[in-house]
Amino acid sequence: MAENTGTYNANAVYGSLAYDFNNPALYPDYAEEASWQVSHQVHDIPAEEELPQVKTAAKNKQAISPLAVIGAAFASVLIVVMLLAQVSLTAVSNEAVELTERIETLEMERNRLRIEFEGTFNLTEIEKYAIEELGMQKPTKDQIFCINTAARDKVEIIPAEQPDGLLSRASDFAGSIGEYLD
């Protein structure tokens, strides 16, 4: 079995591993050289007239692609068409609602008129009107005739004539045109 020695975090470093030569407490040999370099640095700054003239480049304008313009125009046209279609759809749906209401009222009117119509045809009243007002009479037994035949119905089927040829067909066609014009 492996034994845990506890050296996992023994070499852990928190911070930077870079040498700090500016700290004389840690590196006394380098402290003298660092102070000498700082004190003896020579800064050559050119006078203003000696500075080179630097021209800044003009900023490039953002170019708009013609395809982007066409696409934006097409999208705006589609939006306008969609709005017009929505308006027409709303108008058509309103008209459909109005027509549906009109159909319902007409069906109610039709049912009312049908009931009124069926109420006007009372057979007893019609018979009474025919006898009293029009002077009609009920038929007597000698006015009623019944026809009874004992013979069965017969049908004779005549076979259709077959045209013999092109000449007979043409003459039949001419004859039918002649009958039509007479």
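**Surface patches on an all-helix chain**

Five glutamates, Glu 95, Glu 98, Glu 101, Glu 104 and Glu 107, come together as a negative patch on the surface. The model behind this is a predicted one. Glu 107 sits in helix α2, a helix that runs over 66–120. With a relative accessibility of 42%, Glu 107 falls in the partly exposed class, because that class spans the range between the 20% and 50% cut-offs.

There is also a nonpolar patch to look at. Phe 117, Phe 121, Leu 123 and Ile 126 make up this one, and its area is about 450 Å². Phe 121 is found in the loop that links α2 (66–120) to α3 (123–132). As for cover, Phe 121 comes out at 49% relative accessibility and so counts as partly exposed, since the exposed label is kept for values over 50%.

Zooming out to the whole chain, the fold summary is quick to give. The protein chain has 4 helices and 0 strands, and reading along the sequence gives the pattern α-α-α-α. How much of the chain is buried? Of its 182 residues, just 1% are buried, where buried means under 20% relative accessible area. The accessible surface of the protein chain adds up to about 19,100 Å². Carbon and sulfur atoms account for 60% of that surface.

Terms used:
Residues are numbered from 1 along each chain as its sequence is written. This is a predicted model: local features need pLDDT of at least 70, side-chain atom pairs count only at pLDDT 80 or more; totals for chains, interfaces and linings use all residues. Side-chain values use heavy atoms; hydrogens and water are left out. Patches are made of residues with over 30% relative accessible area and no salt bridge: like charges are joined within 9 Å, nonpolar side chains (Val, Leu, Ile, Met, Phe, Trp, Tyr) within 5 Å. Accessible areas come from the Shrake-Rupley method with a 1.4 Å probe; for residues, only the protein chains shown count as cover. A salt bridge is a side-chain nitrogen of Lys or Arg within 4 Å of a carboxyl oxygen of Asp or Glu. Helices (H or I, at least four residues) and strands (E, at least two) are DSSP runs, numbered from the N terminus. Buried means under 20% relative accessible area, exposed over 50%, partly exposed in between (1.4 Å probe, protein chains only). Lys and Arg count as positive and Asp and Glu as negative; His and the chain ends are not counted. The place of a charge is taken as NZ of Lys, CZ of Arg, CG of Asp or CD of Glu.
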